[in-house]
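This note is addressed to a colleague who is meeting the structure for the first time. It takes up the enclosed spaces, the open pocket and one patch of the surface.

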Amino acid sequence: KRNSNRVKFIFQNPLDLNFFLKTVKVKNDKKIFHLIPGSGIPMNYFKSEKNYTKQLENQFDFIYCARLEKSKGINLFISLANYYPDSRFFVYGDLNKNSKDYLSYEEIVFLKSKNKNLLFMDYVENPLLKHHNDHSIFLVPSNYGEGLPRGIIEAMSLEIPVIASEKACVGLFDEKLLFVASSDQIDTYLMAIENIRKKKTEGKLNGFLSNSKDHVLKRYKESLIVKKTIHLYKSFDLD
């Protein structure tokens with residue numbers, strides 16, 4: 001039996017919450033089921049100052065921050081490097097020799113030799129803080145079941161444009177906040193990159209990114225998430 005004073009469920013996104021309710025066939029009792037989106041973003045992200053540097057029209061710093069798994073979209077990210085030879089493609093993430101879904105060490109050696117603009121950086125703490133400039137684009141081409149892709153809200157807080165798959169948006173983000181790739185086809189990502197370039201040329205990108213940053217500040221800052229979590233734990237009646 002469920003006791004709302006002793007049992008709580010925390011979900012990171014509304015899609016998972018609704019899937020759970022439907023699967024176990026229960027109503028959404030707000031005393032039991034709670035939506036707390038991740039662990040939050042610390043204030044140093046919001047205070048970081050963007051570094052403006054000169055940029056050629058089709059020259060970007062593309063960034064991938066995730067495990068090097070095919071289900072996370074690493075192959076699609078690598079394929080994009082062929083379309084922008086003058087841009088740099090930074091890959092941040094660890095290897096896992098025990099998983100067939102991961103890139104192998106041999107594959108990485110081959111890819112490095114074939115794509116000089118593809119940079120495998122291994123694991124780096126807070127990598128997006130190193131790319132807070134005027135020509136970075138953060139990609140999340142994942143089809144993996146995400147709770148809350150932290151990189152998305154980190155990039156938004158730094159005013160870095162984000163291109164994400166529909167699945168990676170987890171029911172929390174839409175085209176008002178980022179650039180959504182409508183399918184797994186590379187053309188949809190090329191179109192999203194072109195949309196970013198177009199907004200920038202028209203002088204509309206900075207306002208778009210500022211709006212995304214405000215959205216994160218109001219909903220996903222670390223102090224707010226911690227406060228919600230502590231409040232929930234304090235609500236338990238264990239007598």
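How many nonpolar, polar and charged residues does the lining of the largest cavity have?

1. The lining of the largest cavity has six nonpolar, five polar and four charged residues. The model is a predicted one, and the points below should be read with that in mind. The lining comprises 15 residues in total, and nearest the centre of the cavity lie Asp-134, Ser-136, Pro-161, Lys-200 and Leu-205.

2. The largest cavity holds about 80 Å³ of space. Strand 6, helix 6 (186–201) and helix 7 (205–219) each contribute at least two residues to its lining. Helix 7 gives the largest share, namely three residues.

3. Across the whole structure, a search finds two cavities of 30 Å³ or more. The second largest cavity contains about 40 Å³ of space. Its lining is formed by Met-156, Glu-159, Ile-160, Pro-161, Val-162, Leu-177, Leu-178, Phe-208, Leu-209 and Ser-212. Of these residues, eight are nonpolar, one is polar and one is charged. Here too helix 7 supplies the largest share of the lining, with three residues. Pro-161 is found in the lining of the largest cavity and in that of the second largest cavity.

4. The largest pocket offers about 530 Å³ of space. Two or more residues of its lining come from each of strand 3 (61–65), strand 6 (136–140) and helix 5 (150–157). Helix 5 provides four residues, the largest share. Strand 6 thus deserves attention in two places, as it contributes to the lining of the largest pocket and to that of the largest cavity.

5. Which residues lie nearest the centre of the largest pocket? They are Cys-65, Ala-66, Arg-67, Tyr-92 and Gly-151, out of a lining of 27 residues. By class, this lining consists of 16 nonpolar, four polar and seven charged residues.

6. On the surface, Leu-95, Tyr-105 and Val-109 make a nonpolar patch of about 290 Å². Val-109 has its place in helix 4 (residues 105–114). Is Val-109 best described as buried or exposed? Neither word applies: Val-109 counts as partly exposed because its relative accessibility is 42%, and that class lies between under 20% for buried and over 50% for exposed.

Conventions
Residues are numbered from 1 along each chain as its sequence is written. This is a predicted model: local features need pLDDT of at least 70, side-chain atom pairs count only at pLDDT 80 or more; totals for chains, interfaces and linings use all residues. Side-chain values use heavy atoms; hydrogens and water are left out. On a 1 Å grid over the protein atoms alone, a cavity is a set of points where a 1.4 Å probe fits but cannot get out, and a pocket is an open set with protein on both sides within 12 Å along at least five of seven lines; lining residues have an atom within 4 Å of a point. Grid points are joined across faces, edges and corners, and a volume is the space filled by probe spheres set on the points. Ala, Val, Leu, Ile, Met, Phe, Trp, Tyr, Cys and Pro count as nonpolar, Asp, Glu, Lys and Arg as charged, and the others, Gly among them, as polar. Patches are made of residues with over 30% relative accessible area and no salt bridge: like charges are joined within 9 Å, nonpolar side chains (Val, Leu, Ile, Met, Phe, Trp, Tyr) within 5 Å. Accessible areas come from the Shrake-Rupley method with a 1.4 Å probe; for residues, only the protein chains shown count as cover. A salt bridge is a side-chain nitrogen of Lys or Arg within 4 Å of a carboxyl oxygen of Asp or Glu. Buried means under 20% relative accessible area, exposed over 50%, partly exposed in between (1.4 Å probe, protein chains only).
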